[in-house]
Amino acid sequence: MMFLKKYSNYLVLVILLCVAPFSYAQQFNEGDVLFQVSTIDALMEGVYDGDMTFAELSEKGNIGVGTFNALDGEMIALDGKFYQVKSDGKVYPVDIAQKTPYAVVTTFAADSITAISGINSMDLLKKRLDGLLSSKNLFYVIRVDGEFNYVKTRSVPAQTKPYRPLTEVVKEQSVFEFKNIKGTLVGVWSPAYSKGIGVPGYHMHFISEDRSQGGHLLEVDVADAVVAIDITSDFYLKLPLDSEFLNADLGGDKTAALEKVER
Ligand SMILES: [Zn+2]
């Protein structure tokens, strides 16, 4: 009996580990941290240079979205690898010495896994994902692996100083369209009350299975995919300490401008 008592905890753990990946029930793993660098409003204001390297960022998470210093493209992190989708549409591996002015990452641990299919627009995908979130008052990281009938993404060209606001820069964005492509969407869901800090609602990036194409998601038609959601109930905000951030005017409400930038 002593043997059983001693090992019963391990047995429970082993059983949980075996069952967890196949469980559709939502669990709350406390302590999952969403790590964010700077704020979306700072990026909107043209604070395109940060002081955090990807070497440092990679210690904070293995999945996420963001951008690069000088706003040089869209960043997507997946399975511990960081990718840069430049405005030429190509995907480059990220040098760990590169820095980011805005990024959101976590160490992914799925709390729920759900199969989806036949979702032919971004709006419908958002509605479907809404139904999978436990509450609108938490942060989540979402990955959607599968086959897509259609994906539309964008990337932005690297900027030179003096930096213009993001609403101006996105007018020069490059748009890419892919048909019948396998890949992964990485998304962060931020609650409405995080306005000014994060992008309220969904902020998703795409990367193809062969890691050759991707960008900031504008539109999508999902054929068949698996949605994994990580509830990140802890939130860590790392603010830059350089003069650009310190002197930026972050007082106003940029909600309307952000709407334009995201679409
Ligand atoms: Zn983006």
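Helix α7 spans residues 255-262, and its buried residues are L258, V261 and E262. These buried residues cover an arc of only 90° around the axis, which puts them on the same side of α7. The model is a predicted one, and the points below start from this helix before turning to α4, the zinc site, two loop residues and the chain overall.

**Helix α7**

- Turned away from the buried side of α7 is a face that carries the exposed residues A256 and K260.
- What do the buried residues of α7 pack against? Their partners are α2 (40-44), β10, α5 (166-169), β12 and β13.

**Helix α4**

- Helix α4 runs over residues 122-130, with M122, L125 and L129 buried.
- Viewed down the axis of α4, the buried residues fall within an arc of 60°, so they line one face of the helix.
- A helpful reminder here: an α-helix has 3.6 residues a turn, so residues three or four places apart point the same way.
- D123 and K127 sit on the other side of α4, where they are exposed.
- Five strands receive the buried residues of α4: β9 (112-119), β10 (139-155), β11 (174-190), β12 (201-208) and β13 (214-232).
- Strands β10, β12 and β13 are thus worth a look from both helices, being listed as packing partners of the buried residues of α4 and of those of α7.

**The zinc site**

- Which atoms coordinate the zinc ion? They are NE2 of H203, NE2 of H205 and ND1 of H216, at 2.0 to 2.1 Å.
- Along the sequence, the donor residues of the zinc ion follow the spacing H-x1-H-x10-H.
- Distant parts of the chain are linked by a pair of these donors, with H205 in strand β12 and H216 in strand β13, 11 residues apart.
- Are H205 and H216 buried or exposed? H205 counts as buried because its relative accessibility is 1%, and buried means under 20%.
- H216 also counts as buried, at 2% relative accessibility.

**S121, ahead of α4**

- S121 has its place in the loop between β9 and α4.
- With a relative accessible area of 17%, S121 is buried.
- A polar atom of the S121 side chain lies 3.0 Å from the backbone nitrogen of L124.
- Leaving aside residues up to four places away in sequence, S121 touches E219 and V220.

**A109, ahead of β9**

- The loop between β8 (103-106) and β9 holds A109.
- A109 is partly exposed, its relative accessible area being 29%.
- Not counting residues up to four places away in sequence, the contacts of A109 are D32, I229 and D230.
- From A109 to V141 the C-alpha to C-alpha distance is 9.3 Å, while the two are 32 residues apart in sequence.

**The chain as a whole**

- The protein chain has seven helices and 14 strands.
- Of its 263 residues, 49% are buried.
- How much of the contact network spans long stretches of sequence? Taking contacts between residues at least 6 apart in sequence, 78% join residues at least 24 apart.
- The accessible surface of the protein chain is about 12,800 Å², and carbon and sulfur atoms account for 55% of that.

How values were computed: Residues are numbered from 1 along each chain as its sequence is written. This is a predicted model: local features need pLDDT of at least 70, side-chain atom pairs count only at pLDDT 80 or more; totals for chains, interfaces and linings use all residues. Side-chain values use heavy atoms; hydrogens and water are left out. Helices (H or I, at least four residues) and strands (E, at least two) are DSSP runs, numbered from the N terminus. Buried means under 20% relative accessible area, exposed over 50%, partly exposed in between (1.4 Å probe, protein chains only). Contact means heavy atoms within 4.5 Å. Accessible areas come from the Shrake-Rupley method with a 1.4 Å probe; for residues, only the protein chains shown count as cover. The arc is that of the directions from the helix axis to the C-beta atoms. A polar contact is a pair of N or O atoms within 3.5 Å; within protein, one must be able to donate a hydrogen and the other to accept it, and residues adjacent in sequence count only if both atoms are side-chain atoms. Donors are N, O and S atoms within 2.8 Å of the metal (3.2 Å for Na, K and Ca); water is not among the atoms, so sites may look incomplete.
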